[in-house]
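Let's take a friendly walk through the salt bridges of this protein. Have the sequence and the structure at hand as you read.

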Amino acid sequence: MPYFLPKTSHNIRQYLSDVEDRIAPEFAARHDQIMATSESHFGMLKERVGGASKEVENWSKSAVEGIERGTGLKVGDVVRRGQEAAGKVRNELEAKVPAEGTKMEKVGYVVEQRPVAELVRPVAAAPASAPAKSAPAAPAPAAPSAPAAAPKAAPAAPSTPSAPAASAPAPVEQKKPERRLV
């Protein structure tokens with residue numbers, strides 16, 4: 001349900017959490033403890049899966065060597081060519097990712113009930129002799145999305161004469177952490 005109705009799901013989870021806090025505080029505390037334990041166990045599972053990938057890699061190398069010794073086929077060459085091609089593609093994609101510390105400019109916000117993400121893009125470094133631009137560059141065209149998904153407009157904020165015209169949304173009041181019901 002969160003995929004199709006994220007706002008509704010969030011509101012229902014929040015309401016049930018509040019009811020749980022009011023009616024059964026001991027149960028709510030135990031529920032929070034169980035959720036925290038589940039998150040830590042999931043983190044440990046991810047670490048173990050990452051370690052298992054090395055073991056799978058070693059097993060696959062020994063399997064390829066066994067096949068080559070048993071049959072005389074050069075299976076290792078084929079596997080290496082595939083890995084090299086994958087490595088080239090990976091390197092090309094990594095080259096397109098901006099380097100750490102690259103200056104970024106805001107081009108928009110992803111808004112649900114409150115801003116949940118900030119859209120940025122790299123800013124081209126201006127030559128030292130050229131003056132800085134006074135107006136921001138035009139936003140980059142958005143990547144095509146699913147045809148059924150229409151972009152949501154951010155709620156209009158009341159304008160005040162002292163507020164800048166293109167300001168970021170006001171910070172959201174911090175509430176207690178959201179709990180997920182299992």
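## A partly exposed pair in helix H2

In this predicted model, Lys 61 is partly exposed, with a relative accessibility of 48%. Its partner in a salt bridge is Glu 57, and the closest N and O atoms of the two lie 3.8 Å apart. That distance qualifies because the cut-off for a salt bridge is 4 Å. Glu 57 is partly exposed as well, at 38% relative accessibility.

Where do Lys 61 and Glu 57 sit relative to each other in helix H2? They are four residues apart in this helix, which covers residues 25-71, so about one helical turn separates them.

## A second helical pair, in H3

Moving on to helix H3 (residues 75-96), you will find Arg 80 and Asp 77 three residues apart, again about one helical turn. Their side chains form a salt bridge with an N to O distance of 2.9 Å. Arg 80 has a relative accessible area of 45%, which makes it partly exposed, and Asp 77 is partly exposed at 32%.

## A buried pair across two strands

Are Glu 105 and Arg 121 buried or exposed? Both are buried, which means that each has under 20% relative accessible area. They also form a salt bridge, with 2.6 Å between the closest N and O atoms. Glu 105 belongs to strand E1 (residues 104-111) and Arg 121 to strand E2 (residues 115-122), so this salt bridge ties together parts that are 16 residues apart in sequence.

## The overall count

How many salt bridges does the structure hold? There are three.

Conventions:
Residues numbered from 1 in each chain as written. Predicted model: local features only at pLDDT ≥ 70, side-chain atom pairs only at ≥ 80, totals over all residues. Heavy atoms only, no water. Helix = DSSP H or I, 4+ residues; strand = E, 2+ residues; numbered from the N terminus. Buried < 20%, exposed > 50% of the residue type's maximum accessible area, 1.4 Å probe, protein only.
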